[in-house]
Amino acid sequence: MGLCAAAPAPAQGPGLSFYGFRAGVSLTATDAQVRLLLGAGLSCQRSKADPRLQECRATVADPVANTPVSIWLAAIDSLTGVVTVSATLPTADFVRWREEIEGVYGPRPATVKGKQGMVQWIVGTQMLRLTWRAGSGRMETSVSIVDGPVLDGWSLGEGASPRIAKPRPPG
């Protein structure tokens, strides 16, 4: 199974995927994907400021390189809004990840500044972004999938005033 292989599609359409993860699907479906890859589920924490928001994490092994791969996601009302898959990869494995994505979604020109690069795909209301930072023979790599409607639907609720993060005091 390829890294961009199909996973259960959200109700609004097929969407973008990587490692079988999709944004816009239920947290339960995402947890099932982690269990399939890892044998254990996601570790999630609810936000104290907004209990509808959960941050979840897991670490799995890349099926080819056996490199640790971190999974991070933000779920709003039990729907994944953002899913990020990241790892420090040998250059050859970074190339494999990129070729897998381009093989499914088509080639795109990269934006490169120094040792950092980025390329993104947009399908419907979703975005998949591959980012990297070159090191000596290794690439800090992440693939993020974002679902616009899930993020757009996140509000503070009726009558709630917006919360603005206050800067931390120096020190």
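**Strand pairing, helix packing and the disulfide**

Q: In strand 2, which residue is the bridge partner of Arg46?
A: Strand 1 and strand 2 are paired in the antiparallel sense over 4 bridges. Within this predicted model, the residue of strand 2 that forms a bridge with Arg46 is Gln54.

Q: How many residues lie between strand 1 and strand 2 in their hairpin?
A: The two strands are antiparallel partners. They form a hairpin, and the number of residues between them is 6.

Q: Which cysteine does a disulfide join to Cys44?
A: A search of the whole structure returns 1 disulfide. Its pair links distant parts of the chain, 12 residues apart, with one cysteine in strand 1 and the other in strand 2. The S to S distance is 2.0 Å, and the partner of Cys44 is Cys56.

Q: Is the disulfide of Cys44 and Cys56 right-handed or left-handed?
A: The handedness is given by the torsion about the S-S bond. This torsion is about 110 degrees, so the disulfide is right-handed.

Q: Which class of accessibility, buried or partly exposed, applies to Cys56?
A: Its disulfide partner, Cys44, has 33% relative accessibility and counts as partly exposed. The threshold for the buried class is under 20% relative accessible area. Cys56 has a relative accessible area of 0%, so Cys56 is buried.

Q: Which strands stand at the edges of the sheet?
A: The open sheet has 8 strands in the order 1-2-3-4-8-7-6-5, with antiparallel pairing. An edge strand here has a single partner strand, so one of its sides is left without a neighbour in the sheet. This applies to strand 1 (43–46) and strand 5 (111–113).

Q: By how many degrees are neighbouring strands of this sheet turned against each other on average?
A: The sheet concerned is the open one of 8 strands. With direction ignored, the average turn between its neighbouring strands is 15 degrees.

Q: Which residue in strand 7 stands opposite Ile122?
A: Strand 6 (residues 116–123) pairs with strand 7 (residues 126–134) in the antiparallel sense over 8 bridges. In strand 7, the residue opposite Ile122 is Met127.

Q: What angle does the direction of helix 1 make with that of strand 2?
A: Helix 1 (residues 27–38) packs on the sheet and touches strand 1, strand 2 (53–61), strand 3 (68–76) and strand 4 (79–90). Its direction and that of strand 2 make an angle of about 20 degrees.

Q: What angle does the direction of helix 2 make with that of strand 4?
A: Helix 2 (residues 91–105) also packs on the sheet, where it touches strand 3, strand 4, strand 6, strand 7 and strand 8 (138–147). Between the directions of helix 2 and strand 4, the angle is about 140 degrees.

Definitions and conventions. Residues numbered from 1 in each chain as written. Predicted model: local features only at pLDDT ≥ 70, side-chain atom pairs only at ≥ 80, totals over all residues. Heavy atoms only, no water. Pairing = 2+ DSSP bridges. Axes fitted to C-alpha atoms, helices over the stretch in contact; angles between N-to-C directions. Contact = heavy atoms within 4.5 Å. Disulfide = S-S within 2.5 Å. Buried < 20%, exposed > 50% of the residue type's maximum accessible area, 1.4 Å probe, protein only.
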